[in-house]
Amino acid sequence: FAQRHSDMVRQLVLICPALASAAVAKDLCMPLLLMWAKDDLITWFSGTKVYQENCPKLTLHVAERGGHAILPHYLQPLLGFVEK
């Protein structure tokens, strides 16, 4: 949705997403908060590279541990991002 309707999406938050397509990531031109744990075994942390190389308005929040989960300490970066 965000890729096809970037005119309607003001901000985007992704938490350890499965998307690994540079073609899709290139179209995500809105401010993007990406949160990922380095020890995620479901969607590997190396997937951040696609976003770092293709999303100019990217903010990356990295957790050392947490696996593939929405972590409590993601709340503060999320609130700060949404308030911008």
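Colleague: How many of the six residues of strand 2 are buried?

Modeller: Bear in mind that this is a predicted model. Strand 2 sends Leu 32, Leu 34 and Trp 36 one way and Leu 33, Met 35 and Ala 37 the other, and all of them are buried. The strand is largely enclosed by the rest of the structure, because the buried count is six of six.

Colleague: Which strand does strand 2 share six bridges with?

Modeller: Strand 2 has bridges on two counts, so to speak, and one set is with strand 1: four bridges, running parallel. The set you're after is also parallel, and there Leu 32 stands opposite Leu 58. Those six bridges go to residues 58–63, that is, strand 3.

Colleague: And on the strand 1 side, which residue is the bridge partner of Ile 15?

Modeller: Strand 1 runs parallel to strand 2. Val 13 stands opposite Leu 33 there. For Ile 15, the partner in strand 2 is Met 35.

Colleague: Which residues of strand 1 point to one face and are buried?

Modeller: In a regular strand the side chains alternate between the two faces of the sheet. Strand 1 does alternate, with Val 13 and Ile 15 on a face where they are not buried. The buried ones, pointing to the other face, are Leu 12 and Leu 14.

Colleague: Right after that strand there's Cys 16. What is its phi near?

Modeller: Most residues other than glycine have a negative phi. Cys 16 sits in the loop between strand 1 and helix 1, and it is buried, with a relative accessible area of 7%. Its phi is positive although the residue is not a glycine, with a value near 35°.

Colleague: Asp 40 caught my eye too. How far away is the nearest side chain of opposite charge?

Modeller: Asp 40 is in the loop between strand 2 and helix 2. It is buried yet has no salt bridge. The nearest side chain of opposite charge belongs to Arg 65, and the distance is 13 Å.

Colleague: Then which backbone nitrogen does the Asp 40 side chain reach?

Modeller: Leaving aside neighbours within four places in sequence, Asp 40 is in contact with Cys 16, Phe 45, Gly 67 and His 68. The side chain also reaches a backbone nitrogen at 3.0 Å, and that one belongs to Thr 43.

Colleague: Is Thr 48 buried or exposed?

Modeller: Thr 48 lies in helix 2, residues 48–54. Not counting residues up to four places away in sequence, it touches Leu 34, Trp 36 and Leu 60. Its relative accessible area is 4%, under the 20% cut-off, so Thr 48 is buried.

Colleague: Stepping back, what pattern does the protein chain follow along the sequence?

Modeller: There are three helices and three strands in the chain. Read along the sequence, they give β-α-β-α-β-α.

Colleague: And what is the radius of gyration of the protein chain?

Modeller: With three helices and three strands, the chain is as compact as a globular protein of that length, because its value is close to what the globule rule gives for 84 residues. The C-alpha atoms fill a box of roughly 35 × 30 × 20 Å along the principal axes. The radius of gyration itself is 12 Å.

Colleague: Last one: among contacts between residues at least 6 apart in sequence, what share join residues at least 24 apart?

Modeller: For context, buried residues make up 33% of the 84 in the chain. Of the contacts you describe, the share joining residues at least 24 apart is 57%.

Note on methods:
Residues are numbered from 1 along each chain as its sequence is written. This is a predicted model: local features need pLDDT of at least 70, side-chain atom pairs count only at pLDDT 80 or more; totals for chains, interfaces and linings use all residues. Side-chain values use heavy atoms; hydrogens and water are left out. Buried means under 20% relative accessible area, exposed over 50%, partly exposed in between (1.4 Å probe, protein chains only). Contact means heavy atoms within 4.5 Å. Two strands pair if DSSP finds at least two bridges between them. Lys and Arg count as positive and Asp and Glu as negative; His and the chain ends are not counted. A salt bridge is a side-chain nitrogen of Lys or Arg within 4 Å of a carboxyl oxygen of Asp or Glu. A polar contact is a pair of N or O atoms within 3.5 Å; within protein, one must be able to donate a hydrogen and the other to accept it, and residues adjacent in sequence count only if both atoms are side-chain atoms. The radius of gyration is taken over C-alpha atoms; the globule rule is 2.2 Å times the number of residues to the power 0.38.
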